[in-house]
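This briefing covers a sheet, the helices that lie across it, and one buried side chain. The points are grouped by topic below.

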Amino acid sequence: MSHPLPDNAVAKLEIWPEGPPSDPAAGRTEKTFFNPTDPSERWVRNIHIPTLTHIPAEHPTGKAMLIIPGGGYLFVSIDNEGYRIANRMSREGFDCFILTYRCNILPEEDAEIPAFMEQFFGGLRGVDYGGTEPPTRNPHIEGGRVFAEEDARQAMRYLKANAAALNIDADRIGVVGFSAGGGLAAHLATDAPSDCRPKASAPIYPAYRKVPLPADTCPMFLATAADDDLVPPCSTTRLAEACHAAKVPVTLHLYGNGRHGFGGKVQGTLSDRWMDDFVAWLATVGL
């Protein structure tokens with residue numbers, strides 16, 4: 001089973017008209033599978049063709065949101081950090097475009113996934129909160145990031161180039177990303193070329209790599225949970241500090257609980273209100 005589409009999707013758009021520059025998952029089958037600890041969440045692995053799934057605004061305004069799910073650069077968390085986010089943002093007048101991007105490969109057989117994931121996530125826990133860089137501690141992460149950043153840049157270029165056909169305003173495109181996708185949202189705002197910069201960027205519990213912030217970095221909305229044990233909150237707060245040092249407008253929410261991956265979940269935690277805060281912030285930056 002490949003990338004699932006919800007009933008309210010109107011198109012699945014290939015962002016590379018002539019195919020992506022490379023295929024790290026060559027020889028593997030793109031599959032949808034379930035979060036081993038939460039069967040209500042689908043993930044997508046071994047993606048060959050990066051796409052944007054278009055969820056239209058319920059009441060179009062010309063505003064658009066590029067949504068980039070996380071997954072450790074190994075898979076895409078399509079439900080919790082994709083469709084659930086788009087469903088809310090479409091009610092707020094945003095045409096939403098969910099990016100599925102190339103990652104490093106995962107095992108071909110479903111039966112091998114639980115053990116792989118246990119090892120992968122186990123390697124991320126127990127992080128050094130005192131380190132100067134967000135720790136990866138897993139070679140799979142860095143390799144997948146390169147492919148994912150290429151696709152994030154191309155997705156933004158695609159939306160801007162095709163804005164008229166999509167009935168969106170090329171100057172009113174924001175980006176929100178989660179975990180690895182949060183790192184991609186930060187990349188688009190901070191060190192991507194100027195032709196693929198968003199109007200505003202929201203890295204949520206991002207895997208932030210320390211990079212110099214240019215003076216024209218767009219406003220940023222940051223959110224994380226204090227009890228995140230996969231990507232330490234310092235990854236987010238250091239990005240906020242970098243914004244402050246560069247005089248980039250930034251809003252930071254450090255919720256007392258919610259753990260990693262709160263995304264579109266309702267858990268009865270303080271992080272449940274992050275989308276309300278996000279929507280309120282968007283109005284202050286022209287989106």
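**Helices and sheet in a predicted model**

Helix H1 (residues 79-91) lies across S4, strand S5 (63-68), S7 and strand S8 (173-178), and runs at about 170° to S7. The model is predicted. The strands that H1 lies across belong to an open sheet of 8 strands with mixed pairing.

**Sheet**

- The strand order is S1-S4-S7-S5-S8-S9-S10-S11.
- Strand S1 (11-14) and strand S11 (250-255) are at the edges and have a single partner strand each, so one side of each lacks a neighbour in the sheet.
- On average, neighbouring strands of this sheet are turned by 20° against each other, direction ignored.
- Strand S4 (residues 51-55) pairs with strand S7 (residues 94-100) in the antiparallel sense, over 5 bridges.
- His-54 has Phe-97, in S7, as its bridge partner.

**Other helices**

- Helix H5 (residues 180-190) lies across S5, S8, strand S9 (200-204) and strand S10 (220-225), and its direction is at about 145° to S8.
- Helix H7 (residues 274-284) has buried residues including Trp-274, Trp-281, Phe-278 and Asp-277.
- Gly-286, just after H7, takes a positive phi of about 85°.

**Ser-235**

- Helix H6 (residues 233-245) contains Ser-235.
- The relative accessible area of Ser-235 is 0%, so this residue counts as buried, the cut-off being under 20%.
- A polar atom of the Ser-235 side chain lies 3.1 Å from the backbone nitrogen of Tyr-208.

Definitions and conventions:
Residues are numbered from 1 along each chain as its sequence is written. This is a predicted model: local features need pLDDT of at least 70, side-chain atom pairs count only at pLDDT 80 or more; totals for chains, interfaces and linings use all residues. Side-chain values use heavy atoms; hydrogens and water are left out. Two strands pair if DSSP finds at least two bridges between them. Helices (H or I, at least four residues) and strands (E, at least two) are DSSP runs, numbered from the N terminus. Axes are lines fitted to C-alpha atoms, for helices over the stretch in contact, and angles run from 0 to 180 degrees between N-to-C directions. Contact means heavy atoms within 4.5 Å. Buried means under 20% relative accessible area, exposed over 50%, partly exposed in between (1.4 Å probe, protein chains only). A polar contact is a pair of N or O atoms within 3.5 Å; within protein, one must be able to donate a hydrogen and the other to accept it, and residues adjacent in sequence count only if both atoms are side-chain atoms.
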